[in-house]
Amino acid sequence: MSDKNDKCRAQLREVTQPHCDGEIQAVGIFQQKGMLGAGLVSEYLSPLAGKFMKRGNQDGGPKPKGLMLLTVTPAKIHLFESSQRMGKHKVKRPISEWERGAVAATREHGAATDQLVIALTSEEGTIRLESMKLMSGGFNEPVFEALGA
């Protein structure tokens, strides 16, 4: 793992720890599945088509936007809306939290991204998040490992 990734993870732990119960085992940066493709379609082809692409990637549950921070503690998974400025992340608001036993996490490999699929055992549905593969240096690997995905 790169030193740069370790420093960024430490900064993310620092900003998310006050919002979490228990020690953070892993922290990562994710976005809603399809945001990369939808952004490219919106930018180069059709803004309307990009909106429909974004809308079709969630099955129930919260509708996150933008970059999100996901933390894993011994008891829970926390999802936060975040902002970034000058390389520093900030928690804008909590989106959701789930008991670890109430979710099943899987990983799907794509060409440019890895997807984290969080199946909620309650009636909330499924959350699909994506993580950039290219030039990330395995940044979110600890999250995938902590969730057994």
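Which residues does Gln115 touch, not counting residues up to four places away in sequence? Let me hold the list back for a moment and set the scene.

What we have here is a predicted model. The chain has four helices and eight strands. Reading from the N terminus, the order goes α-β-α-α-β-β-β-β-β-β-β-α. Of the 149 residues in the chain, 41% are buried. If you take contacts between residues at least 6 apart in sequence, 55% of them join residues at least 24 apart. As for the outside, the chain exposes about 8200 Å², and carbon and sulfur atoms supply 54% of that.

Okay, back to Gln115. You'll find Gln115 in strand 7, residues 113-120. The list I promised is Lys33, Thr106, Arg107, Glu108, His109, Gly110, Leu129, Glu130 and Phe144. So, is Gln115 buried or exposed? Gln115 has a relative accessible area of 8%, and the cut-off for buried is under 20%, so Gln115 counts as buried. Its side chain also has a polar partner: the side chain of Thr113, at 2.6 Å.

Now for the strand next door. Strand 7 pairs with strand 8 in the antiparallel sense, over seven bridges. Within that pairing, Gln115 has Glu130 of strand 8 as its bridge partner, and Glu130 was on our contact list too. Strand 8 also pairs with strand 1: those two run antiparallel and are joined by two bridges. There, Gln32 stands opposite Leu129 of strand 8. And why call strand 8 largely enclosed by the rest of the structure? Because six of its eight residues are buried.

Leu129 brings us to the nonpolar cores. The largest one has 19 residues, and those touching the most other members are Leu70, Trp98, Leu116, Ile118, Leu129 and Leu147. Quite a few elements feed into this core, with at least two residues each from strand 1 (26-32), strand 3 (67-72), strand 4 (76-85), strand 5 (88-99), strand 6 (103-109), strand 7, strand 8 (125-132) and helix 4 (141-146). Then there's a second, separate core of nine residues, and Cys20, Phe80, Val91 and Phe139 are among them.

If you want one residue to click on while we talk, try Leu129: Leu129 touches Gln115, stands opposite Gln32, and belongs to the largest nonpolar core. That's my tour, so over to you.

Key
Residues are numbered from 1 along each chain as its sequence is written. This is a predicted model: local features need pLDDT of at least 70, side-chain atom pairs count only at pLDDT 80 or more; totals for chains, interfaces and linings use all residues. Side-chain values use heavy atoms; hydrogens and water are left out. Buried means under 20% relative accessible area, exposed over 50%, partly exposed in between (1.4 Å probe, protein chains only). Contact means heavy atoms within 4.5 Å. Accessible areas come from the Shrake-Rupley method with a 1.4 Å probe; for residues, only the protein chains shown count as cover. A polar contact is a pair of N or O atoms within 3.5 Å; within protein, one must be able to donate a hydrogen and the other to accept it, and residues adjacent in sequence count only if both atoms are side-chain atoms. A nonpolar core is a set of buried Ala, Val, Leu, Ile, Met, Phe, Trp, Tyr and Cys residues joined through side-chain atoms within 4.5 Å. Two strands pair if DSSP finds at least two bridges between them.
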